[in-house]
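Colleague: I'd like to learn how the labels people put on a model are earned. Can we go through some of them together?
Modeller: Sure, ask away.

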Amino acid sequence: MLETIVNYLNALLWGKLLVYGLVGAGLYFTIRLGFIQFSQFGHGLKLLSISRRPGKNGLSSFQVFCTSMAARVGAGNMAGVAFAIGVAGPGAVFWMWAIAVLGMATAMIESTLAQVYKVKDVDGQYRGGPSYYMEKGLGQRWMGILFSVLLIICFGLVFNAVQANTIAGAMTTVFDFNPLYVGLGITAFSGVVIMGGLKKVAKVSEFIVPVMALAYILMALVVVLMNVTELPSVFMLVINSAFGWHEAAGGAIAYSVSQAMQAGIARGLFSNEAGMGSAANIAASASPNPNHPASQGYIQMMGVFFDTIVICTATAAIILLSGDAAGSGEGIGMTINALSSHVGSWGGGFIAAAILLFCFTSIIANYSYAETNVMFLSGNSKKALPIFRLIVLGMVMFGAMAKIGLVWDLADVSMGLMALVNIVAILLLSGLAIRVINDYREQVNAGKDPVFETSKFPELADQLEDKIWPDGSAKHKR
């Protein structure tokens, strides 16, 4: 019964609503922002280079970037890419690229809004995200509550089960470990970190994420160089499969393209989270540098690029360049088989270690997203956090023991519903977000260090907390 309901919701969300919603919103934001993901790409890299400067009340932009990347880079990049290729063919990779490029503009919008409407919690730490801009910007607290509940289910519970499931699958495949013991280990280490709250999560992510991402990219580069002569044919295979050209003789074009598009968009969104509203939660926690909401929008725009265009492509290259060597493995098993065919049996151990780090950091970052929304629901009270942390750890343990198919399907449903609510909100608030981003760009073009002056945006006067932004013109309102 549950499986039937889940399959129906997935078909509705990913077969119709979100395909049009995500692509349509991404195209709209791309055009309204003047193709910012291309024209401002260099500026985004520049901001990353200065993002380590610490903030007074929030995390540094680099800590926020690493935490958002910790959530993004995980099962979706390794098992998810393999899953998409396995069920829909190589064409799914193209649609991952497409949704990522469009998603860069979407991430710019939602993360800018998260910064605009951020608040301070009882400890002086910045908090924010879709729930906050739904309540303050749209005046619809019910919408913020709905989003918070969906995010808590999605990231605090289901996604963490997916990450634990992927770790257990890798350890079982490579080392024949008992999933029970793997689950206990993951749960224990996750507990140590998440009990320290947002700042502990950020510090661990800042240390692990750059190292693990660089190591994985270098491994993929080695594989590409080993098979460089095959690269053009693999690229053409992706393009042909994406548009069904190789299926023309069989009359299955529509089915092939539909499957590739649906799988690519779903797995691409699962990986880079653009439009979902999740990364906006941690984006709000930054003390932006320069002191303007749009600067954090740039940081998160670059996060989408590195997650999907770089790291997901690395996994796709490893799998597709292996030919048939990936075999019939499911999810992470396919990636392990593929890398082992390139570099030998130790490749499986490398993937297992990468998955362990990727998915572990995803678990703790996912928790940080959920924590902010628990705070939103409780009116910035921390009383509910200890109980919630225990529930999260219980789901980690459950995920390590669960069947992969149902876990992935549940992840798709919860993610889809969350994205749907967020897309509606950011479209309604996009006029303000675009004006804020244009204000930033005008100051940069004038040779200024951008500063956000809320007096330029009179509609914010009754929506923001006092002294959040430098000119102090916003009135205090809770």
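Colleague: What makes Asp176 count as exposed?
Modeller: This is a predicted model, and in it Asp176 has a relative accessibility of 66%. Exposed means over 50%, so Asp176 gets that label.

Colleague: Where does Asp176 lie?
Modeller: In the loop between helix H8 (141-175) and helix H9 (179-194). Its phi is near 60°, a positive value in a residue other than glycine.

Colleague: Phe35 has a positive phi too, of about 55°, although it is not a glycine. Why is Phe35 called partly exposed?
Modeller: Its relative accessibility is 43%. Partly exposed covers what lies between the 20% and 50% cut-offs, so 43% fits there. Phe35 sits in the loop between helix H1 (2-32) and helix H2 (36-39).

Colleague: And Ala98, which lies in helix H6 (residues 91-116): how do you know which label it gets?
Modeller: Ala98 has a relative accessible area of 26%. The partly exposed range runs between 20% and 50%, so Ala98 is partly exposed. The C-alpha atoms of Ala98 and Ile309 are separated by 9.3 Å, while the two residues are 211 apart along the chain.

Colleague: How much of the chain counts as buried?
Modeller: Of its 478 residues, 60% do. The chain has 19 helices and two strands.

Colleague: Let's turn to charges. What makes Glu371 and Arg127 a salt bridge?
Modeller: The general idea is that side chains of opposite charge can pair when their charged atoms come close. The cut-off for nitrogen to oxygen is 4 Å. Glu371 and Arg127 meet at 2.9 Å, N to O, so they pass.

Colleague: Which parts does that pair tie together?
Modeller: Glu371 is in helix H16 (residues 346-377) and Arg127 is in strand E2 (residues 126-127), so the bridge ties together parts that are 244 residues apart in sequence.

Colleague: Are Glu371 and Arg127 buried or exposed?
Modeller: Buried means under 20%. Glu371 has 2% relative accessibility, so it counts as buried. Arg127 is buried as well, with a relative accessible area of 2%.

Colleague: Which other residue meets Glu371 in a salt bridge?
Modeller: Arg389, at 3.3 Å, N to O. Arg389 lies in helix H17 (residues 385-401) and Glu371 in helix H16, so this pair ties together parts that are 18 residues apart in sequence. Salt bridges that share partners join Arg127, Glu371 and Arg389 into one network.

Colleague: Why is Arg389 called buried?
Modeller: Its relative accessible area is 12%, and the label goes to anything under 20%, so Arg389 is buried.

Colleague: How many salt bridges does a search of the whole structure find?
Modeller: Five. One of them is between Glu135 and Arg141, at 3.2 Å, N to O. Glu135 has a relative accessible area of 26%, so it is partly exposed, and Arg141, at 31%, also counts as partly exposed.

Colleague: Now the helices. Why are H10 and H16 called roughly antiparallel?
Modeller: The axes of helix H10 (residues 197-226) and H16 come within 10 Å and cross at roughly 150°. Angles over 145 degrees count as roughly antiparallel, so H10 is roughly antiparallel to H16. The crossing is left-handed.

Colleague: What kinds of residues make up the contact of H10 with H16?
Modeller: They divide into 17 nonpolar, four polar and one charged. The contact residues include Val201, Ile208 and Met212 of H10, and Phe350, Leu357 and Glu371 of H16.

Colleague: And what makes H9 and H16 oblique?
Modeller: Their axes come within 10 Å and cross at roughly 45°. Roughly parallel needs under 35 degrees and roughly perpendicular runs from 65 to 115. An angle of roughly 45° falls in neither range, so H9 and H16 are oblique to each other. H9 passes H16 in a right-handed crossing.

Colleague: Which residues make the contact of H9 with H16?
Modeller: On H9 they are Ile186, Phe189, Ser190, Val193 and Ile194, and on H16 they are Phe360, Ile363, Ile364 and Tyr367. Those divide into eight nonpolar, one polar and no charged.

Technical notes:
Residues are numbered from 1 along each chain as its sequence is written. This is a predicted model: local features need pLDDT of at least 70, side-chain atom pairs count only at pLDDT 80 or more; totals for chains, interfaces and linings use all residues. Side-chain values use heavy atoms; hydrogens and water are left out. A salt bridge is a side-chain nitrogen of Lys or Arg within 4 Å of a carboxyl oxygen of Asp or Glu. Helices (H or I, at least four residues) and strands (E, at least two) are DSSP runs, numbered from the N terminus. Buried means under 20% relative accessible area, exposed over 50%, partly exposed in between (1.4 Å probe, protein chains only). Axes are lines fitted to C-alpha atoms, for helices over the stretch in contact, and angles run from 0 to 180 degrees between N-to-C directions. A crossing is left-handed if the near helix is turned anticlockwise from the far one by less than a right angle, and right-handed if clockwise. Contact means heavy atoms within 4.5 Å. Ala, Val, Leu, Ile, Met, Phe, Trp, Tyr, Cys and Pro count as nonpolar, Asp, Glu, Lys and Arg as charged, and the others, Gly among them, as polar.
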